[in-house]
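Q: I am new to this structure and would like a close look at one part of it. Please take the beginning of the chain and explain how that part sits within the rest.

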Amino acid sequence: MPAVIGKRPGTYLLIFACQQVAAVQVGRLGKIELQPGYYCYAGSAFGPGGIGARVAHHEKISQKPHWHLDYVRPQLQLISVWYQHDVHKEHHWANILSANMTAPLAGFGASDCDCATHFFYSAKLPDIPSYAVEWHNTQQSINQHIIYNEFG
Ligand SMILES: [Zn+2]
């Protein structure tokens, strides 16, 4: 349990490493072909337990996949979490990430919004602060919680 993140709600970015090619059926959405490199998922958690509880969920492999992310999670290693307390910025982040990474499967994590996807790929480790420089100037800063940095 990432206690340092705490129970406050907010927006989070999960950074995953992927080490090998894997074809995964993502529920009814379709099939994704995971590639070696890095994936980033943008979401928010405003339920009980806030961001900490949601990250705890995504640290584990789900036996009953619910979110699109649960389907691909067994093929990925969670290496870090970026988060901002109290704000609903996941769609804003989806927009930022779409300018810096590629979208491997349309509609991923975006069933309830107009974003093309909330799940992104890059062969290189995403440099989240550099993507957010403009945002830093006007909004609250983002925090990073490094879970596992071997792939960084
Ligand atoms: Zn969205």
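A: What follows starts with the chain as a whole and then turns to its opening part.

The model is a predicted one. The chain holds five helices and seven strands. Along the sequence, these elements follow the pattern β-β-β-β-α-α-β-α-β-α-α-β. Of the chain's 152 residues, 37% count as buried. Among contacts with a separation of 6 or more, 72% are between residues 24 or more positions apart.

The segment before β1 (10–18) contains I5. I5 counts as buried because 22 C-beta neighbours lie inside 10 Å, and the cut-off for a buried residue is 20 or more. Leaving out residues up to four places away in sequence, I5 touches I51, G52, V55, V81, Y83 and H145. One of these, H145, is 140 residues away from I5 in sequence, yet the C-alpha atoms of the two are 7.4 Å apart in space. Two others can be placed in a strand: V81 and Y83 fall within β5, which covers residues 77–85. I51, G52 and V55 fall within the helix α1 (50–59).

Next comes β1 itself. Seven of its nine residues are buried, so β1 is largely enclosed by the rest of the structure. Strand β1 pairs with two others. With β4 (residues 37–45), the pairing is antiparallel and runs over nine bridges; here L13 has A42 as its bridge partner. With β5, the strands also run antiparallel, joined by eight bridges; in this pairing G10 is matched with H85.

L13 also has contacts beyond its bridge partner. Not counting residues up to four places away in sequence, L13 touches C40, A42, V81, W82, W93 and I128. V81 is thus a contact of L13 and of I5.

The strand also takes part in the largest nonpolar core, which has 35 residues. Y12, L13, L14, Y39, C40 and V81 are the members that touch the most other members. At least two residues of this core come from each of β1, β3 (30–34), β4, α1, α2 (68–72), β5, α3 (90–98) and β6 (119–122). The most is given by β4, with six residues. In soluble globular proteins, nonpolar side chains tend to be buried together.

To put the part together: I5 is buried ahead of β1, β1 is paired with β4 and with β5, and β1 supplies at least two residues to the core.

Key. Residues are numbered from 1 along each chain as its sequence is written. This is a predicted model: local features need pLDDT of at least 70, side-chain atom pairs count only at pLDDT 80 or more; totals for chains, interfaces and linings use all residues. Helices (H or I, at least four residues) and strands (E, at least two) are DSSP runs, numbered from the N terminus. A residue is buried if 20 or more other C-beta atoms lie within 10 Å of its own, exposed if 12 or fewer, and partly exposed in between; C-beta atoms are placed from the backbone. Two residues are in contact if their C-beta atoms, placed from the backbone, lie within 7 Å. Two strands pair if DSSP finds at least two bridges between them. A nonpolar core is a set of buried Ala, Val, Leu, Ile, Met, Phe, Trp, Tyr and Cys residues joined through C-beta atoms within 7 Å.
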